[in-house]
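Me: I'm new to this structure and would love a close look at a single part of it. Could you walk me through the places where a charge meets an aromatic ring, and then show me what lies around them?

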Amino acid sequence: MEFMMKKDVGFTTTTEYGELHVAGDEAYGFRPFQLMVASIAVCSGGVLRKILEKKRIQIEDMTIDTKVDRIEEEANRIEKIYIHYRIKGENLNENKIKQSIELASKNCPMAQSVKGSIEIEETFELV
C-alpha cells in the first residue's frame with residue numbers, strides 16, 4: 001500500500017474498495033488505533049465465522065463490540081482490547097462456541113501479530 005500525505009492532516013491511500021483516509025485527528029480520517037482495533041476484531045470474527053461453518057454450526061448473525069484500554073504515559077499505546085461477540089442462532093451450544101472462539105484467536109493473523117504486546121480478551125453472548 002502506498003500512503004500519500006494529505007494537504008491538511010493525515011494520509012490517504014486508494015484501495016479496490018475506495019479511498020482510505022488515516023489521520024491522528026478524527027475530523028480528517030480514521031485514527032490509526034481505530035484501524036488496528038478494527039483489524040484485530042474483524043479478523044478474529046472472520047476466522048470465527050469460518051470455524052463455525054467448518055463445524056457446521058449455523059449462526060444467523062454476529063455483532064462484534066470492542067473496547068480499548070490505552071496507556072497515556074506510554075505514547076497512548078493500546079494495552080488491551082476487549083472483543084465481545086453477540087451471536088444469534090438457534091440451539092447454539094455455549095461450549096462449542098467458546099472452543100471455537102479460542103481456536104479462532106490462535107488462528108487470526110492480526111491477533112497473533114500483536115501477541116505479547118497487546119492483551120486481547122474475548123467474551124460472547126448468545127442472543
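Reply: Let's start with Arg 70, whose charged end sits over the ring of Phe 33 at 4.1 Å from the ring's centre. Keep in mind that you are looking at a predicted model. A second contact of this kind involves Lys 67: its charged end lies over the ring of Tyr 82, and here the distance to the centre is 4.8 Å. What about rings meeting other rings? The count of aromatic pairs in this structure is zero.

Another aromatic residue worth finding is Phe 124, which belongs to strand E6. Is Phe 124 buried or exposed? The answer falls in between: its relative accessible area is 24%, and because buried means under 20% and exposed means over 50%, Phe 124 counts as partly exposed. Now look for Asp 65, which is 59 residues away from Phe 124 in the sequence; in space, their C-alpha atoms are 9.7 Å apart.

Strand E6 also leads us to the largest pocket. Running from 119 to 126, this strand gives at least two residues to the pocket's lining, and so do helix H2 (94–107) and helix H3 (109–113). The space inside comes to about 260 Å³. Around it are 15 lining residues, and those nearest the centre are Ile 101, Glu 102, Ser 105, Ile 120 and Glu 122. By character, the lining has six charged residues, five nonpolar ones and four polar ones.

Next, try picking out two cysteines. Cys 108 has a relative accessibility of 0% and is therefore buried. Cys 43, at 17%, is buried too, because the cut-off for that word is under 20%. As for disulfides, the structure has zero of them.

Finally, step back and take in the chain as a whole. It is built from six strands and three helices. If you follow the sequence from its start, these elements come in the order β-β-β-α-β-β-α-α-β. Along the principal axes, the C-alpha atoms fill a box of roughly 55 × 35 × 25 Å. Of the 127 residues in the chain, 28% are buried. With that picture in mind, you can turn back to where we began, and find Arg 70 over the ring of Phe 33 and Lys 67 over that of Tyr 82.

Methods:
Residues numbered from 1 in each chain as written. Predicted model: local features only at pLDDT ≥ 70, side-chain atom pairs only at ≥ 80, totals over all residues. Heavy atoms only, no water. 1 Å grid on protein atoms, 1.4 Å probe; cavity = no way out; pocket = protein on both sides within 12 Å on 5 of 7 lines; lining within 4 Å. Points joined across faces, edges and corners; volume = space filled by probe spheres on them. Helix = DSSP H or I, 4+ residues; strand = E, 2+ residues; numbered from the N terminus. Nonpolar A, V, L, I, M, F, W, Y, C, P; charged D, E, K, R; others polar. Disulfide = S-S within 2.5 Å. Buried < 20%, exposed > 50% of the residue type's maximum accessible area, 1.4 Å probe, protein only. Phe/Tyr/Trp six-rings, centres within 6.5 Å; stacked < 30°, edge-to-face > 60°. Lys NZ or Arg CZ within 6 Å of the ring centre and 35° of its normal.
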